[in-house]
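These are my notes from a session of looking things up in one structure, entry by entry. I went from charged pairs to cores, then to aromatic rings and the surface.

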Amino acid sequence: MKFSLSWLKEYIPLEMGIEGLTDGLTMAGLEVDSVTPLYDSLDGVVVARIVEAKPHPNADKLRLCQVDAGGEEPVGIVCGAPNAAEGLVVPCALPGAVLPGGVKIKKGKIRGEKSGGMLCSARELQLDTDASGLMELAADLVPGTPIKEALALYDSMVEIDLTPNRPDCLSVLGVAREAGSFQEPPVKLTLPEVALPEAKASLGTIADHTSVTIEDADLCWRYAARLVFDVTVGPSPAWLQRRLLSVGLTPINNIVDITNFVMMETGQPLHAFDFDRLAENRIVVKRATEGEAFTTLDDKEHKLSSDMLMICDGEKPVAIGGVMGGVNSEIEEGTTRVLLESACFNPTSVRKTSKLTGIHSDASHRFERGSDPEGVLYALNRATALIAELGSGALVEGLIDENPVPYAPRTISVNVEALNNRLGTSLTAEEMAGYLARVDFAVTVADANTLEVIPPSFRVDVERPEDISEEIARLWGYNNIETSYAKVVAANESYPPAFVARQAVRSAFVGLGFNEAVNYSFIREDAVDRLRFADGDPRRRLVTILNPISEEQKVMRTSLVAGLLSSAVRNISVQERSLRLFEVGATFIAGEGESLPREPEMLAGLVTGDRRSASWFGKEEPCDFFDLKGALEGFFEALHVSGVAFRPMAADDCSYTRPGYTAEILLDDEVIGLAGKVHGEVLKSFELKQDVYVFEMAMAPLAARISGDRQAMPIPKFPSVTRDVTMICEASVRAGDAVASILDEKQPLIEGAWLLDRYAGENIPEGKQSLTFRVVYRSADKTLNDKAVNKIHTRIMEMLLTRFDGVLP
C-alpha cells in the first residue's frame, strides 16, 4: 500500500514527523518498506519569467525566449511551446537539472541558437498530464525561487507491507485511522464529508433508467449503483492527478481518475460504465457461461469458466466481477452518461477468478482480502459527488442498493484474565476497552473479567478472541511485552544413532571434496527403465503418487542414482563438468501385499569430469574408476570402518553400471553396495556425454559400524622396514586377493601391504601379468634386523607363489 504524507495529513493532524510515523506504523503491525521523497527530481527547476519571446530565425515552430530565472542577466532559451509569451511565469529547468524520467538538462544549440535551459510543461515535471504548453504559474512568484518552494512540493511517498489480514489498511483512510490511534492523545478519524448535489428533476429517478439483478447472491453480497448524466470527460484537475501520481497511478481522465482516487482513499474499488453502451441499460450479476470469450480493459482476451462472476448488461458480460472491466463498456472521450458501481463480492470467488485469469488488479487485490460491506454506499456517494463536480454532471435522483446478504455485526466475548495470560500483561478491562476504542471497536465492559467486543465492519479479519488479543498487543505496543524465558532446564538428550551416522557420513564426504546433493524423492516413472533394472529387481516396485506435481515427479524413487545423474546433467549444462556429488536419503520400495512401502536409507555418489584441471604444472586428467574407489577407501578410513573389501561384480548383476568396470562393496563379507562406471545406455538416456562413475550402498549396515568412540594408539618408537615382492602370474589373479592373503598370515610384524605396481606387455608372456607388492614390517618393542625380516618375507613370497601359481621374474 502506498500513500503520500500530504494526502494522509488531509484526514488527521500529524504532530509527529515522518520518522515517528514510520516507527509507529511498524510497531502497530504495518511494516514500512520505504519512504521516498516525491519531488527530489525537481531540484534545479526554478520559477522564471519570460521577458522576451520572438520567432526563431531558423525554425517556424520555435521561439527565442529571454528568461529571468533569478540570475544577474536573462538566460536565452529556445522553446517550442505555443503559449510561450512575454510576461508569462513558468518553470525553468537550469543546466544540471535531471527531470523525472532521467532527462538531464545541458547547455546547447538548437537550430544554431544557444539555449541555456528548458522551459517545462506540467507533464515534463510529472505534476499534471497537460503537455499542450508551458505550465503557467502565479504571476506574483519571484523568479529564481525553487519550484518546490514556490508550489510547496515537500512530500514523501510511504510504502507499507501489509499482511493479507489487514485489508482495512489498503486505503489512505485506513492508514490515517491507525496513525491517529498511536498518537498521544489519540486522534479519532472523521471521514470526509460527502455533499451530493441536488438531483436534476427532469431526469426522473434511477428506477426510470436502469435496474440491477443479482442472480448469484453467494458470489455477490451487495451491489449499489448511481447514475450521473451530462458529464464531460476530460483531464482531471492538477490536485487529483498529483494525488494519483504520488502513489504510482497514471491519470487517465476525470471519471476513471475519480474511481481510482476514491478506491485509494477508502479501500473500496469502484467501476464506471458508459451507460449508453450497456444493452437494455441494465445490470445483471451472474456466473459466466463456460468457454465464453471476454476482452478486458487491458485488451487481453480471456476464456471464462462457469465459476467466475460476471457483471453483465441485458445481453453480454461487461466486467469480471471484482477483477477488471471490459473494453465494451469503458469510459470514452464521448461518454456523457455514467453508471457508477460499488459492490461487495465474495473474496474467495474473486481470488479464484484472479488466479484463473492471471489478472491481479488493484481492485482484485482488495476484494480478495475482504472489503467493508458497510463502506459500499459511502464510497459510491463520495465518487458520485466528485463526478458531478469535476465532470460537470447532473445527478439522477436515487440509488440502487441490492443487498441479498446483509452485514451482521459479530459480538466477541473476551476473557480479560486469559488475554493477559496469553500476552504476559496485566491490563484491566477498562484499559483494554480504551485501546480497542482507538480503532473504532465497540466495547462493553460486562464485568471486571469480561469484554463484549463488536469489531467495525471494515475489520473483516477479526472473528475470535485470539484476534482481539492481537489487537490489544499491537495497540499497547509489541515492544512493551517483556521477554521471558522458560524456567525448566531442558535435559541433555543425545541424538539418535541414525542422525549421528548421517552427520558423520556428510562430514567425511565433504572432507574428501564432495558436495552434497539434495534431490526430490519424486522421480519420473520411466527412471527404472533408464537405469536398466531387471524385471525381477525389487527396485521396480514403484510407489505411485496419486496427485503428482508433474510427470517428472510421478513416482517415489527406488534408487538415489537417478537423482544424482539428473543433478549432473543440470551442472554440466552450465559448464560445471567436473563434479563430486553425494546424497544420503530414503528410497521407497512397494511391498508385496503390504499397505506401506519399505524405506531403506541409502548412500550414493558420483564423480565425473577431470581429476585435475589444466594448469601451468600439468594437463587436465580425466577421472576414472580408481578415483571413485580411492574416495570410498578414504571415506571408510575417515569413519574408522574396517572389514571393507571390493570384488568384481558378476556381469548379470550389473544394471546401470558396465560389466567389467563394476565392483561390489563388501563389509565383513556382506555385500552392502556397488561402485562402477555408468553404462553407456544409461548415459544416453540421461543425455550425458561424458563418463560418470557412481557408487550406491545401504546405510543400515554402515551406520551400525560408525561410532563416535575413538581409541588412541601410541606412536611407534621403532623404525619400519619395507620389502617388495614381485611375481608373474595369470592375468585373472586379483591383486586384492593377494594383498588379503598377505594380511591373512596374521604375522604380528606385518604393519601393512598394498599393490605397488602392475605390468603386462613386452617381456611378459601373453595372458600373464607382473604384480609387485610392498610389505611394511615393524616391531613394537625393538628395531628389526634384516635377518628376521628376510625370514618372514621369504615365507610370504613362497606363499604367494604357491597360492597364485606364480613364478619369480
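How many salt bridges does the structure hold? I am working from a predicted model, and in it I find 47 salt bridges.

**Entry: the charged pairs of helix 12**

I began with Glu471, which forms a salt bridge with Arg459, the closest N and O atoms being 2.7 Å apart. This pair links distant parts of the chain, since Glu471 is in helix 12 and Arg459 in the loop between strand 27 (450-454) and helix 12, 12 residues apart. I checked burial for both partners and noted that Glu471 is buried and that Arg459 is buried too.

Glu471 has another partner in Arg474, with the closest N and O atoms 3.0 Å apart. Here both residues lie in helix 12, three residues apart, which is about one turn of the helix. I looked up the accessibilities as well: Arg474 counts as buried at 4%, and Glu471 is buried with a relative accessible area of 3%.

Following the bridges outward, I arrived at a network of salt bridges that links Arg166, Asp168, Glu178, Arg459, Asp461, Glu471 and Arg474.

**Entry: a salt bridge further along the chain**

I then turned to Arg778 and Glu751, whose side chains meet in a salt bridge at 2.7 Å, N to O. This pair, too, links distant parts of the chain, with Arg778 in the loop between strand 41 (768-777) and helix 20 (786-803), Glu751 in strand 40 (residues 750-759), and the two positions 27 residues apart. Both were looked up for exposure: Arg778 is partly exposed, with a relative accessible area of 22%, and Glu751 is partly exposed, with 46%.

**Entry: helix 4 and what covers it**

Glu178 of the network made me look at helix 4, because 10 of the 10 residues of this helix (residues 172-181) are buried, so it is largely enclosed by the rest of the structure. Among its buried residues I listed the charged Arg177 and Glu178 alongside Val172, Leu173 and Val175. I asked which elements provide the cover. They include strand 1 (2-4), helix 1 (5-8), helix 2 (18-27), strand 12 (156-161), helix 6 (254-266) and helix 12 (465-476).

**Entry: the nonpolar cores**

Which residues touch the most other members of the largest nonpolar core? I found that, of its 50 residues, Phe3 and Ile160 do. Leaving out residues up to four places away in sequence, Ile160 touches Met1, Phe3, Leu25, Leu30, Glu31, Val32, Asp33, Cys169 and Val175. Apart from this core lies another, of 39 residues, among them Leu219, Leu227, Ala288 and Ala343.

Ala343 came up again when I looked at Ser371, which is in contact with Gln268, Ala343, Cys344, Arg366 and Val460, its neighbours within four places in sequence being left aside. Ser371 has its place in the loop between helix 8 and helix 9 (376-390), and at 7% relative accessibility it counts as buried.

**Entry: aromatic pairs**

I counted 13 aromatic pairs. Trp239 and Phe261 form one that is edge-to-face, with 5.6 Å centre to centre and 85° between the planes. Trp239 lies in helix 5 (residues 238-246) and Phe261 in helix 6, so this pair ties together parts that are 22 residues apart in sequence. Is each ring buried or partly exposed? Trp239 counts as partly exposed at 41% relative accessibility, whereas Phe261 counts as buried at 2%.

Phe345 and Phe367 form an edge-to-face pair as well, at 5.0 Å centre to centre and 75° between the planes. It links distant parts of the chain, Phe345 being in strand 22 (residues 338-345) and Phe367 in helix 8 (residues 362-367), 22 residues apart. Both Phe345 and Phe367 are buried.

I also noted one aromatic cluster, formed by Phe509, Phe514, Phe582, Phe635, Phe636 and Phe695.

**Entry: the surface**

Tyr495, Phe499 and Val500 make a nonpolar surface patch of about 300 Å². Phe499 lies in helix 13 (residues 497-511) and is partly exposed, with a relative accessible area of 31%.

My last look was at Lys717, which has its place in the loop between helix 18 (699-703) and strand 39 (721-730) and is exposed, with a relative accessible area of 77%. Lys717 and Arg734 are 17 residues apart in sequence, and from C-alpha to C-alpha they are 35 Å apart in space.

Terms used:
Residues are numbered from 1 along each chain as its sequence is written. This is a predicted model: local features need pLDDT of at least 70, side-chain atom pairs count only at pLDDT 80 or more; totals for chains, interfaces and linings use all residues. Side-chain values use heavy atoms; hydrogens and water are left out. A nonpolar core is a set of buried Ala, Val, Leu, Ile, Met, Phe, Trp, Tyr and Cys residues joined through side-chain atoms within 4.5 Å. Buried means under 20% relative accessible area, exposed over 50%, partly exposed in between (1.4 Å probe, protein chains only). Contact means heavy atoms within 4.5 Å. Patches are made of residues with over 30% relative accessible area and no salt bridge: like charges are joined within 9 Å, nonpolar side chains (Val, Leu, Ile, Met, Phe, Trp, Tyr) within 5 Å. Accessible areas come from the Shrake-Rupley method with a 1.4 Å probe; for residues, only the protein chains shown count as cover. A salt bridge is a side-chain nitrogen of Lys or Arg within 4 Å of a carboxyl oxygen of Asp or Glu. Helices (H or I, at least four residues) and strands (E, at least two) are DSSP runs, numbered from the N terminus. Rings of Phe, Tyr and Trp (its six-membered ring) pair if their centres lie within 6.5 Å; planes under 30 degrees apart count as stacked, over 60 as edge-to-face and the rest as tilted.
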